[in-house]
Amino acid sequence: MIESIEFRLLSPEMIKKLAVVEITKPELYDIDGFPVEGGIMDPRLGVIDPGLRCRTCGARAGECPGHFGYIELVRPVIHVLHAKLIFNLLKTFCSSCGRYLGEDGKKKCPHCGEEQKKIKFEKPFTFREDGKNLTPVEIRERLEKIPDEDLEKIGFKGGRPEWLVLTVLPVPPVTMRPSITLESGDRSEDDLTHKLADIIKINQHLKDNIIIGAPDFIIDDLWELLQYHVATYFDNELAGVPQARHRSGRPLKTLSQRLKTKEGRFRHNLAGKRVNFSARTVISPDPFISINEVGVPVVIAKELTVPETVRKDNIEELKKLVRNADEWPGANYIIRPDGRRKRITKENAEEIAEEISEGYVVERHLLNGDVVLFNRQPSLHRMSMMAHRVRVTPWRTFTLNLCTTPPYNADFDGDEMNLHVPQSIEARTEAELLMEVQRHIRSPRFGGPIIGCKQDHISGNYLLTRKETRLTRSEAFELLCSIGVVPEIKKEKLSGKEVFSYILPEGLNIEFRAKACRGCRKCKKENCEYDCYVVIKNGKLKTGVIDAKAIGGESGRLIDSIEKNFGTEEAHRFIDRVSQLGILYLQKRGFTIGLDDFEISEDARKKISRHIESAKQEVKKLIEKYEKGEIEILPGLTEKQSLEMHILNTLKRVLDVSGEIVAADLPENEAVIMARSGARGGIVQLVQISGCVGQMTVFGERVHRGYRNRTLSHFRPGELSAEAHGFVTNSYKTGENIFEFFFDAMSGREGLMDKSLRTKHSGYMERRLMNALQDLRLEYDMTVRDNRKIIIQFLAGEDGIDPSKSDWGKLDVRMIAKNVVG
Amino acid sequence: MELPESIKKEVEAVCREMKLTESQKKKVYERVKEVYRKSMFEPGEAIGVVAAQSISEPATQMTMRTYHAAGAAQIQVTLGLPRLMEIFDARRTPSTPTMTIYLKKEYNNPEGAKKIVSLIRETRIEDLTSEVQVDVLNGKIEIILDPEKLSEAGLTSKDLAKILKEGKLSVRASEKKLSVSVETDELSELQRVKTKVLSTVVRGIKGVKQAVVSKKDGEWVINTLGSNLSKVMEIEGVDPTRTVSNDIHEVAKVLGIEAARSLIVQEASKTLEEQGLDVDIRHLLLVADTMTVDGVVKPIGRYGVAGAKGSVLARANFEETIKHLTQAAVSGEVDRLESIVENVMINQVVPIGTGMFELIFKPPRGKK
């Protein structure tokens with residue numbers, strides 16, 4: 001195990017010691033195509049070609065980690081990434097004696113009395129003193145003078161400051177800059193190799209010129225060029241420096257670019273890793289598998305394997321699997337005790353089956369009941385990755401129960417999901433104990449159930465538990481048997497509530513208002529005429545209908561109560577049963593909607609249009625008032641803004657009133673049932689289809705964008721009326737006119753824009769929050785501490801209660817007391 | 001295991017309400033304790049990750065629409081995701097600083113509230129002028145005042161002149177006119193003085209751009225746009241114990257770090273609630289606590305909590321990779337690999353949850 005990693009500067013001596021070869025030649029390969037000794041692809045730097053052995057360590061490609069080389073720079077250059085620090089050192093240390101001048105960098109050295117000249121730093125690597133350029137040689141001399149004791153004071157503990165001026169440059173091993181052989185047989189070198197070649201070329205050139213005693217300006221120019229190449233070798237995105245480019249014009253990817261950003265080494269390869277034993281395919285629904293199951297196509301089950309050690313108790317079974325070879329359920333590989341792997345084929349299956357004994361490992365196919373991890377991106381919370389039990393299917397998609405849709409935020413319009421197979425006993429155990437679906441019924445976000453029924457499950461149960469539902473004995477028996485309950489029924493006729501009660505656990509007591517509750521001024525509780533007050537006594541549904549409030553995802557009170565009082569397994573069973581009950585009852589009864597369901601009476605239509613008309617009149621009056629300057633000004637707003645506010649409020653009210661009219665007028669048909677039970681849609685959707693679509697808004701205001709002073713050229717400039725600013729009088733059923741359609745589209749487009757912008761921002765916020773909080777953990781003394789072991793909270797959440805084990809964040813004392821007293 | 005105070009209180013209250021006997025109460029206590037023990041966090045829990053997820057998962061559903069009128073009070077405040085980010089970023093100044101001012105009993109009526117509004121809402125000379133003339137030749141700025149507005153504000157031109165004189169300007173005041181003379185012949189200088197004069201606050205508290213009175217829970221409250229907590233709290237009639245601002249840094253300065261902590265929680269939960277999102281308060285408490293543990297408000301992000309981590313690799317992984325690596329080399333930092341990402345990077349077990357154990361006992365192989 002690695003205990004710690006130390007970061008330090010490399011000294012020139014260390015660089016040479018680390019290296020196996022000095023690189024002096026800019027050529028890569030000789031005429032025969034072999035790497036040149038002393039070149040940048042020197043064979044001693046490691047191997048990348050399969051089949052060859054490393055000249056330094058003797059290992060094969062893939063095993064040899066590579067070895068460093070070094071370049072002796074003729075003239076020292078500044079390490080750009082440290083340029084800012086060099087500047088600070090020059091400023092704060094005496095130019096003559098090298099002692100510390102104090103924090104503010106005094107004019108006169110307190111140690112030797114030397115006057116300090118003003119030093120200027122010109123990004124990225126030029127230093128000037130009184131207008132004169134300081135060469136790296138001079139800088140290095142000054143840095144050398146700084147005594148170790150003074151460095152300690154300013155926290156410079158990674159080595160000597162003169163090492164920041166490079167005299168020797170390490171050459172990374174070829175393994176981190178492999179060349180690729182193209183189809184044409186040409187070699188394509190890595191960007192780093194190109195850059196290193198540039199450095200060596202200039203270095204050589206500089207050396208030659210110095211030897212022949214070339215004039216100073218030529219040497220200075222070459223030196224500057226060497227500095228440029230070394231600088232871009234470290235970072236090719238320096239401000240004010242032209243980027244080093246590939247022949248094609250593409251900027252080179254040098255060291256900094258390799259590490260930085262989301263695609264860099266850190267975030268792409270180190271913090272996130274690729275895995276084996278995983279699969280991905282399209283998902284589709286299957287309401288008749290349990291919530292903690294996942295349907296896995298055979299083709300996938302044959303590819304993904306679980307290593308199983310051969311023991312006395314499983315040897316016979318494993319032999320059977322080995323004999324099946326690639327026929328599911330079979331096995332793909334065996335691993336002998338000496339670690340050698342052997343592929344199982346039809347031909348050698350029998351032979352291997354005979355061979356295996358205790359201590360062998362068989363990599364068998366995925367079988368029914370295996371624990372796997374199932375995940376959908378974006379993985380926004382821990383319920384985005386849960387453990388399921390495998391159920392191998394002959395199809396080609398993963399199938400999952402509809403109730404597990406909300407935590408994954410999945411639908412079946414082409415979504416794909418990932419599956420991972422844990423390979424060790426530890427991993428499987430953890431997945432089973434901590435990650436299985438039923439352990440995550442209650443969300444830690446708000447302490448309520450996040451897994452629950454959807455759509456048809458809810459409509460079905462709503463219809464089943466309505467007052468008037470009656471089933472014959474045989475109907476009830478069939479229904480309950482198909483969901484796995486074998487009831488004892490004596491009566492000839494049963495109410496739907498009685499049937500429903502069979503799936504409730506005995507001893508369950510709960511009372512709450514249903515979703516269908518109309519919010520009467522005075523609740524009549526059990527005697528509610530709409531049957532909206534749910535009372536369950538000792539596991540029997542006495543009054544009330546079962547709808548979204550009872551069994552829906554994110555709200556299900558009934559699921560919540562069962563999970564709390566009877567445990568996760570009971571809740572798991574209940575969700576499986578209740579969802580299937582809903583579907584099966586719907587199949588029996590039949591359930592369909594059509595355009596007719598949105599037909600409202602002539603009377604209601606008139607009422608609505610009269611209402612719209614009066615609202616428009618009101619708007620007209622407001623506009624008149626505004627033009628006369630009599631508009632009631634709301635505090636903090638201008639006249640114009642006040643007018644807009646008044647108009648918006650008036651027109652928004654139209655939708656509410658029409659809602660009441662439509663709700664009162666529509667007969668109880670399937671569409672209304674869905675809205676009322678919370679299965680799908682709401683009263684707003686009903687109104688928009690059959691009554692009036694209402695006011696369209698953009699940026700929270702009426703529509704104002706478009707032409708100058710008007711939204712469309714069909715209106716008079718400056719017109720303020722309802723129609724001209726996005727009020728839609730028609731319903732979706734009657735159809736929008738052209739203007740209305742345009743405004744509706746504007747509003748719709750805004751929604752789309754908003755969504756795509758939002759995901760970007762919230763994604764970044766999530767990343768920052770995660771980074772700030774990920775190290776916090778709960779210790780055994782119940783304190784929350786960070787990795788510095790600093791106490792963040794003395795008692796987690798101030799009361800120690802885990803929201804995912806609470807009742808909507810609370811401990812329901814009243815309920816406990818009631819249960820205790822009886 | 002002791003029950004926390006809050007639960008104890010609740011048990012007492014419920015028992016009193018249900019008129020339970022002592023022995024029944026004892027039973028209730030026992031049962032509550034049992035349930036409490038089962039409801040507790042388990043050691044090793046990655047509580048920070050859960051909190052971060054619980055906040056950001058619903059944040060994907062929030063609106064980006066920035067402004068919204070807060071209730072009847074008509075003060076526009078930033079809402080939704082932008083506001084939430086503002087809180088966690090601990091911005092120096094929120095985009096819409098507001099105060100909610102509660103009043104003392106004597107002033108808790110419409111008249112009293114109005115009086116205080118007139119005291120705190122800032123009035124600039126600009127608000128009282130009808131015309132401004134700049135005389136370039138003589139270096140003079142002539143401000144013609146609106147007598148109606150002047151009397152409304154209860155000020156005279158002399159009052160204005162006096163205030164301006166404090167700002168070291170030479171001013172002459174007549175009944176309807178202020179003339180400011182400037183010793184310069186540069187137009188730009190004149191313009192500068194002009195804007196300075198016009199934006200001089202003559203009445204009220206600097207920064208309070210708007211103040212609106214409204215009734216909340218049977219009480220008169222003043223909502224303001226712009227915040228200046230310390231000045232407002234000095235005003236007679238303002239209840240300083242309940243008056244709050246939404247500016248986290250200001251609250252930290254005026255009322256202390258604990259107040260800032262609870263303000264973060266309050267503001268964040270208000271923002272989420274307003275969007276109809278259900279997030280347990282414990283998650284927000286944890287965020288607020290991490291932001292304020294060190295005694296100062298630190299933002300979530302590169303310059304705050306995430307940038308101050310002990311581990312080089314963790315910081316390099318987050319943002320400004322190169323900067324962190326080069327600095328670490330110079331100062332000879334050592335990464336002890338004590339938290340999550342570093343261990344992920346080097347393929348080691350992370351010290352959290354089931355990976356937090358450092359001592360492992362391997363039993364000797366049993367021989368029969």
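Domain bounds here come from an automatic or database domain assignment, and the model they are applied to is a predicted one.

**Stop one: the domains.** Colour chain A by its assignment, which gives domain 1 (12–234), domain 2 (278–440), domain 3 (455–589), domain 4 (597–752) and domain 5 (777–821). If you place a marker at the C-alpha centre of domain 1 of chain A and another at that of domain 3 of chain A, the two markers are 76 Å apart. Turn then to chain B, where the assignment lists domain 1 (5–39), domain 2 (123–203) and domain 3, the last being written as 309–333 + 341–353. In chain B the centres of domain 1 and domain 3, again taken over C-alpha atoms, are separated by 48 Å.

**Stop two: a helix in chain A.** Select residues 83–92 of chain A, which form helix α2, and show the side chains of A83(A), I86(A), L89(A) and L90(A), which are buried. These residues lie on the same side of α2(A), because the arc they cover around the axis is only 115 degrees. An α-helix has 3.6 residues a turn, so residues three or four places apart point the same way. To see what the buried residues of α2(A) pack against, add β3 (68–78), β4 (119–122), β5 (126–129) and α3 (136–145) of chain A to the selection.

**Stop three: where the chains meet.** Next, select the contacts between the chains, in which 84 residues of chain A meet 93 residues of chain B. On the chain A side, the elements that each supply at least two residues are β1 (5–6), α7 (255–259), α8 (265–270), α24 (738–773), β29 (777–778), β31 (791–793) and α25 (813–821). Of these, α24(A) gives the largest share, with 14 residues. Coloured by class, the side of chain A that touches chain B shows 41 nonpolar, 21 polar and 22 charged residues.

Zoom in on β1(A), which pairs in the antiparallel sense with strand β13 (residues 334–335) of chain B over two bridges. Which residue of β13(B) does E6(A) stand opposite? The partner to label is V334(B).

**Stop four: the cores.** Finally, select the largest nonpolar core, whose 147 residues include L773(A), I47(B), I264(B) and V287(B), the members that touch the most others. Centre the view on L773(A), and, leaving aside residues up to four places away in sequence, you will find that L773(A) touches G48(B), V49(B), A51(B), A52(B), L286(B), V287(B) and T290(B). A second core, separate and made up of 96 residues, has among its members L508(A), A571(A), I575(A) and M674(A).

Note on methods. Residues numbered from 1 in each chain as written. Chains lettered and ligands numbered in written order. Predicted model: local features only at pLDDT ≥ 70, side-chain atom pairs only at ≥ 80, totals over all residues. Buried ≥ 20, exposed ≤ 12 C-beta atoms within 10 Å, placed from the backbone. Helix = DSSP H or I, 4+ residues; strand = E, 2+ residues; numbered from the N terminus. Arc of directions from axis to C-beta. Contact = placed C-beta atoms within 7 Å. Nonpolar A, V, L, I, M, F, W, Y, C, P; charged D, E, K, R; others polar. Pairing = 2+ DSSP bridges. Core = buried A, V, L, I, M, F, W, Y, C linked by C-beta atoms within 7 Å.
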